[in-house]
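Hi,

Here is the model I promised to pass on. Have a look at it first, then read my notes below.

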Amino acid sequence: MVFLLSNIFAVTGIILRSRLLVLPWLGLYLTRILFTASLAIYVAHLMPIEWFKAILALVVTPIIVLESALWTVILRFYTR
């Protein structure tokens, strides 16, 4: 629910060019990206099975990269 409201505020902020509405989105998604990356590294470190580490990396890494790219695009709109 929080991320849904944050997305609505981000879209509204981009359309209205209001930086104040985009800032919560940037903060929440940066926190989410950092949490996902650190959790993936932690779980990969704890797993004794090598093939599971590879599958985890192949599944989680594209998600982190896509979220980071989207976050960078919104950050560009924010800094304009």
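**Starting with the first helix**

Helix H1 covers residues 2–16, so to speak the opening stretch: its 15 residues reach 21 Å from the first C-alpha to the last, close to the 21 Å expected at 1.5 Å a residue. Keep in mind that this is a predicted model.

Which residues of H1 are buried? They are Ser6, Ala10 and Gly13. Looking down the axis of H1, you'll find these buried residues within an arc of 70°, so they line one face of the helix. Part of what covers them is helix H2 (19–46). On the face of H1 turned away from the buried side, you'll see the exposed residues Leu4, Ile15 and Leu16. Just after H1 comes arginine 17, which takes a positive phi of about 55°.

**The whole chain**

Now zoom out. The chain has three helices and zero strands, and from the N terminus on its elements run α-α-α. Its radius of gyration is 16 Å, well over the 12 Å that the globule rule gives for 80 residues, so the chain is more spread out than a compact globule. You can get a feel for that from the box its C-alpha atoms fill, roughly 50 × 20 × 15 Å along the principal axes.

How much of the chain is buried? Buried residues make up 19% of the 80 residues. The accessible surface comes to about 6000 Å², and carbon and sulfur atoms account for 78% of that. As for contacts with a separation of 6 or more, 60% of them are between residues 24 or more positions apart.

**The nonpolar core**

Here's a bit of background: in soluble globular proteins, nonpolar side chains tend to be buried together. In this model, the largest nonpolar core has 12 residues: Ala10, Val22, Trp25, Leu26, Tyr29, Ile33, Ala40, Leu56, Val60, Ile64, Trp71 and Ile74. Which elements give two or more residues to this core? H2 and helix H3 (50–79) do. H2 gives the most, with six residues. You met Ala10 above as one of the buried residues of H1, and it turns up again in this core.

If you'd like one residue to click on, try isoleucine 33. Leaving aside residues up to four places away in sequence, isoleucine 33 touches Ile64, Glu67, Ser68 and Trp71. Of these, Ile64 and Trp71 are listed in the core too.

Cheers

Methods:
Residues numbered from 1 in each chain as written. Heavy atoms only, no water. Helix = DSSP H or I, 4+ residues; strand = E, 2+ residues; numbered from the N terminus. Expected span 1.5 Å × (residues − 1). Buried < 20%, exposed > 50% of the residue type's maximum accessible area, 1.4 Å probe, protein only. Arc of directions from axis to C-beta. Contact = heavy atoms within 4.5 Å. Rg over C-alpha atoms; globule rule 2.2 N^0.38 Å. Areas by Shrake-Rupley, 256 points an atom, 1.4 Å probe, with all protein chains shown as cover. Core = buried A, V, L, I, M, F, W, Y, C linked by side-chain atoms within 4.5 Å.
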